[in-house]
Amino acid sequence: MDREFQRLVEIERESYVAYFRQNVAAMRSSPNFVTELLMQPNGRTTPEPFCLMRIDGIFGGASDPKIVRFVLPNTQRPINRNWLLDGFDMRIEALSWESFLIRFKVGQFKLESLAPWLTLWLDPKEHRAPDKDGLSGVVHDMAWTYGNDNTIELTIDFGSAPLQALFEFLALIKQSGVTACTISRGDSDIQ
């Protein structure tokens, strides 16, 4: 992996996880506060693990729950840089650890090929022990759309997952035959 690219995503992850921890600390006194809660939203009918997600935080009572999402303000300037990593051409427009958008053209790519990766990093069996702040090193969500021109867009909330989750994801799509992609923010409208 290119050291400059690795450092770029490391900085993004560290910034987001520090922001996440600050928000968790600020919300600890809220009644019934829980972080990284695994759930299946109403209307998600895809098979596991694709139907599951983790919410950043929730508090309040059962009759009036309040869900919170921690989004690092978009203060980043556009990156607009290309990397060629082991024959994999990446165009990076912007980065967001909590809303990582990756676009690529597909031939025979099957979304199901991501199920083992998502199961490992979403951790639906909750094998990973939370740290002192309640963070378990997990991905929070993955959503996707298919375009008419054989393009797929995946938006991943990497949550508190380590860099290894991203690197394994990129290796997996490369192994699936993807040779080029564009990376951006999935929440570019949030400032």
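In the predicted model, Ile 92 is positioned opposite Ile 183 of strand β9. This pair belongs to the junction of strand β5 (residues 88–92) with strand β9 (residues 180–185), where the two strands run parallel and are joined by four bridges.

Both strands are part of an open sheet of six strands, arranged in the order β4-β5-β9-β6-β8-β7 with mixed pairing. Strands β4 (81–85) and β7 (141–146) form the edges, each pairing on one side only. From one strand to the next, the twist averages 20°.

Two helices lie across strands of this sheet. Helix α1, spanning residues 3–27, lies across β4 and β5 and runs at about 120° to β4. Helix α3, spanning residues 163–175, lies across β4, β5, β6 (100–105) and β8 (151–157), and its direction is at about 10° to β6.

The largest nonpolar core comprises 53 residues, and those with the most contacts inside it are Ile 102, Phe 104, Leu 114, Trp 117 and Ile 173. At least two residues of this core are supplied by each of α1, β4, β5, β6, α2 (115–122), β8, α3 and β9. Helix α3 provides the largest share, with eight residues.

The surroundings of Trp 117 were also examined. When neighbours within four places in sequence are left aside, Trp 117 is in contact with Val 139, Met 142, Ile 156, Phe 158, Ala 165, Glu 168, Phe 169 and Leu 172.

Note on methods. Residues are numbered from 1 along each chain as its sequence is written. This is a predicted model: local features need pLDDT of at least 70, side-chain atom pairs count only at pLDDT 80 or more; totals for chains, interfaces and linings use all residues. Side-chain values use heavy atoms; hydrogens and water are left out. Two strands pair if DSSP finds at least two bridges between them. Axes are lines fitted to C-alpha atoms, for helices over the stretch in contact, and angles run from 0 to 180 degrees between N-to-C directions. Contact means heavy atoms within 4.5 Å. A nonpolar core is a set of buried Ala, Val, Leu, Ile, Met, Phe, Trp, Tyr and Cys residues joined through side-chain atoms within 4.5 Å. Buried means under 20% relative accessible area, exposed over 50%, partly exposed in between (1.4 Å probe, protein chains only).
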